[in-house]
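Thanks for coming. I will take the ligand site, then a pocket, then a sheet.

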Amino acid sequence: MKLFDVYPLFPIEPIKATGSWLWDSEGKKYLDLYGGHAVISIGHNHPHFVEALKSQLDKISFYSNSVKNSLQEKLAEKLGQLSGYPDHQLFLCNSGAEANENALKLASFVTGRKKVIAFKKAFHGRTSGAVAATDNPKIVAPFNAGHDIVFLPLNDDKAFTETINKDIAAVIIEGIQGVGGIQLPNDSFLKLLAAKCKEVGALLILDEVQSGYGRTGKFFAHQYSGIEADLITIAKGMGNGFPVGGVLIHPDIKPWSGMLGTTFGGNYLACAAALSVLEVIEQEDLMNNALKLGNYWMEQLNSFASITEVRGKGLMIGFDLPDSLSALRKDLLFQHHIFTGEAKPNTVRLLPSLALTKNEAVLFLEALSIELKKPVLS
Ligand code: PMP
């Protein structure tokens, strides 16, 4: 059987990884500043993560959500404590799209409404609900185009104020747009969204699938604005590569039996992985590390004359290049063995492990300065 050929692939096969480093099948070593779409939060194969999974496998690996699972309770407790949302409730699932799907469904259950406001360049995943809230007509199938979603420009107070009303079930927004090219919502815009949602009884969904889990230096990117969200979706960095996602749900939203459900969500291995990630984030002070190294990178990136704009917070950074430098990402990979991400048309995305070291950060700047023909400042 052949694989369904939907992914453009680099001709590189990683077979081993540790920290911020990968080795391919030919023994070449690569610096990973992309983490497979922002997934590697605490570093590849962190010993605490590996041990947590191995020891859980020795006990029990799976049973359904029809029995008590105290690992889920432990995870919820720790997540509440570290995220600053101790009173929200946790629903566990398996991916970011599924988290958003459940959040959109919840908003519709709670409000009895169908309409949703999303934002231009947004990406929320590939299930029919999540993809309908994603601003990319190429990936919306006729089947799922039926969702009642309106796309507004990001940070446009006027357009939002004119559109929000009592027919809206939810407003869904990324903490920082990732796939859309690292676009940041203004603090004042987020405050407006929170206030207006409250006024009309709509739910505010913060998609922190990519920007959450400490990546920006705070647990969630939206916490820089001081607002609180009704629903927060998480995945990616949550499991450091083990598939796991979730929705943080406002305490006023009351569950009823059968309201949501999943077979695999919250399984023992996923919980063991997710718990070990939180423990490492806390023990190794990774949020502060992300902030410190992110600030360092952004300052340095801003000093390259050929970079037209740098955006981001912590270790979620995008920088724009002129068309003449559109080959930079490939050159970084094939000449310097450094993985980075991209966003169309010409943005390079940096989404490394939050345990990145200063030396690794400098290695990248050195490679960049060779490619951009400019000495590194400090
Ligand atoms: N939301 C955001 C902000 C994302 O970046 C992504 C994935 N790129 C998703 C949702 C979907 O996550 P998943 O691929 O785990 O379904």
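One term before the site itself: a polar contact here is a pair of N or O atoms within 3.5 Å. Please also keep in mind that this is a predicted model.

So, the ligand. Which side chain places a polar atom 2.8 Å from an oxygen atom of the ligand? That is Gln 210. The backbone takes part as well: a polar backbone atom of Gly 96 is 2.8 Å from an oxygen atom of the ligand. On the nitrogen side, an N or O atom in the side chain of Lys 236 is 2.9 Å from a nitrogen atom of the ligand. As for coverage, the ligand on its own has 390 Å² of accessible area, and the protein covers 80% of that.

Now the shell as a whole. How many residues surround the ligand? There are 13, and the closest include the three I just named, Gly 96, Gln 210 and Lys 236, along with Ala 97 and Asp 207. By class, the shell has six polar residues, four nonpolar and three charged. Helix H4, residues 96–111, is the element that gives the most to this shell, with three residues.

Next, the second largest pocket. Its volume is about 560 Å³, and 24 residues line it. Nearest the centre of this pocket are Leu 90, Phe 91, Leu 92, Pro 255 and Leu 260. Two elements, helix H3 (70–83) and strand S4 (89–93), give two or more residues each to the lining. Which of them has the largest share? Strand S4 does, with four residues. The lining divides into twelve nonpolar, nine polar and three charged residues.

Last, a sheet. The strand order is S1-S2-S3-S13, so to read it out: four strands, an open sheet, mixed pairing. Why do S1 and S13 each have one side without a neighbour in the sheet? Strand S1 (14–18) and strand S13 (338–339) are at the edges and each has a single partner strand, so one side of each is left free of a neighbour in the sheet.

For S13, the partner to look at is S3, residues 29–32. Strands S3 and S13 run parallel and are joined by two bridges. To find the pairing on screen, go to Asp 32, whose bridge partner in S13 is Phe 339. As a general reminder, strands of a sheet pair through backbone hydrogen bonds, either parallel or antiparallel.

That is the end of my part.

Conventions
Residues numbered from 1 in each chain as written. Predicted model: local features only at pLDDT ≥ 70, side-chain atom pairs only at ≥ 80, totals over all residues. Heavy atoms only, no water. Near = heavy atom within 4 Å. Polar contact = N/O pair within 3.5 Å; in protein donor to acceptor, adjacent residues only side chain to side chain. Areas by Shrake-Rupley, 256 points an atom, 1.4 Å probe, with all protein chains shown as cover. Nonpolar A, V, L, I, M, F, W, Y, C, P; charged D, E, K, R; others polar. 1 Å grid on protein atoms, 1.4 Å probe; cavity = no way out; pocket = protein on both sides within 12 Å on 5 of 7 lines; lining within 4 Å. Points joined across faces, edges and corners; volume = space filled by probe spheres on them. Pairing = 2+ DSSP bridges.
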